[in-house]
Amino acid sequence: MAKRPAKNKTEISEPIEHRGAVVGWTHHDLGSSIDLRLQSTVSRAALDENRIDSHHFLMTPRQALMLAEFLLDTTGQSL
């Protein structure tokens with residue numbers, strides 16, 4: 001009897017660090033959480049060619065508030 005091929009186990013890889021310029025963002029209120037989508041590109045040429053990466057981050061309202069406070073403090077702005 002022939003053996004079945006072994007199932008491939010999903011390998012855990014190192015986290016990927018993305019670098020780029022933020023060119024847009026949107027959010028969707030999901031009730032108890034927020035889906036924050038950040039759009040970025042690696043260069044002006046990539047932006048001109050419409051090569052834009054999208055990254056979704058699921059956040060609690062408290063995390064969103066903490067991020068907003070951090071960004072306001074960092075930029076010296078206030079509401």
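**Exercise 1. Is Leu 67 buried, partly exposed or exposed, and what is its relative accessible area?**

*Solution.* The structure is a predicted model, and the reasoning below applies to that model.

Step 1. Locate the residue: Leu 67 belongs to helix α2, which covers residues 61-75.

Step 2. Apply the cut-offs: a residue is buried under 20% relative accessible area and exposed over 50%, with partly exposed in between.

Step 3. Leu 67 has a relative accessible area of 33%, so the residue is partly exposed.

Step 4. Consider its surroundings on the surface. Together with Phe 70 and Leu 71, Leu 67 makes up a nonpolar surface patch, and the accessible area of the three is about 280 Å².

**Exercise 2. Determine which strands pair with β2 and in what sense.**

*Solution.* Step 1. Begin with strand β1, residues 21-29, which pairs with β2 in the antiparallel sense over 8 bridges. Within this pairing, Ala 21 is opposite Thr 41 of β2, and Asp 29 has Ile 34 of β2 as its bridge partner.

Step 2. Examine the connection. The hairpin of β1 and β2 has 4 residues between the strands, and Gly 31 adopts a positive phi near 90° there.

Step 3. Turn to strand β3, residues 53-59: this strand is joined to β2 by 7 bridges, and the two run antiparallel. One bridge partner in β3 is Leu 58, which pairs with Asp 35.

Step 4. Assess the cover of β2. This strand spans residues 34-41, and 6 of its 8 residues are buried, so that by the cut-off of under 20% relative accessible area β2 is mostly covered.

**Exercise 3. List the salt bridges of the whole structure and classify the accessibility of the residues that form them.**

*Solution.* Step 1. The search of the whole structure yields 3 salt bridges.

Step 2. Take Arg 19 and Glu 17. Their closest N and O atoms are 2.7 Å apart, and both residues are exposed.

Step 3. Take Arg 44 and Asp 48, whose closest N and O atoms are 3.2 Å apart. Both residues lie in helix α1, residues 44-48, at a separation of 4 residues, or about one turn of the helix. Arg 44 has a relative accessible area of 61% and is therefore exposed. Asp 48, at 56% relative accessibility, is likewise exposed.

Step 4. Take Glu 49 and Arg 51, which meet through their side chains at 2.9 Å, N to O. Glu 49 is exposed, because its relative accessible area is 53%. Arg 51, at 46% relative accessibility, is therefore partly exposed.

**Exercise 4. Describe the largest pocket: its volume, the elements that line it, and the element that gives the most to the lining.**

*Solution.* Step 1. The volume of the largest pocket is about 360 Å³.

Step 2. Two or more lining residues come from each of β1, β2, β3 and α2.

Step 3. Helix α2 gives the most, with 4 residues.

Step 4. Identify individual residues. The lining includes Trp 25, His 27 and Asp 29, as well as Ile 34, Leu 36 and Leu 38. Also among the lining residues are Phe 57, Met 59, Ala 64 and Ala 68.

Step 5. Relate the pocket to the earlier exercises. Leu 67 and Leu 71 line the largest pocket, and these two residues also belong to the nonpolar surface patch. Asp 29 and Ile 34, both in the lining, are bridge partners.

Technical notes: Residues are numbered from 1 along each chain as its sequence is written. This is a predicted model: local features need pLDDT of at least 70, side-chain atom pairs count only at pLDDT 80 or more; totals for chains, interfaces and linings use all residues. Side-chain values use heavy atoms; hydrogens and water are left out. Patches are made of residues with over 30% relative accessible area and no salt bridge: like charges are joined within 9 Å, nonpolar side chains (Val, Leu, Ile, Met, Phe, Trp, Tyr) within 5 Å. Accessible areas come from the Shrake-Rupley method with a 1.4 Å probe; for residues, only the protein chains shown count as cover. A salt bridge is a side-chain nitrogen of Lys or Arg within 4 Å of a carboxyl oxygen of Asp or Glu. Buried means under 20% relative accessible area, exposed over 50%, partly exposed in between (1.4 Å probe, protein chains only). Two strands pair if DSSP finds at least two bridges between them. On a 1 Å grid over the protein atoms alone, a cavity is a set of points where a 1.4 Å probe fits but cannot get out, and a pocket is an open set with protein on both sides within 12 Å along at least five of seven lines; lining residues have an atom within 4 Å of a point. Grid points are joined across faces, edges and corners, and a volume is the space filled by probe spheres set on the points.
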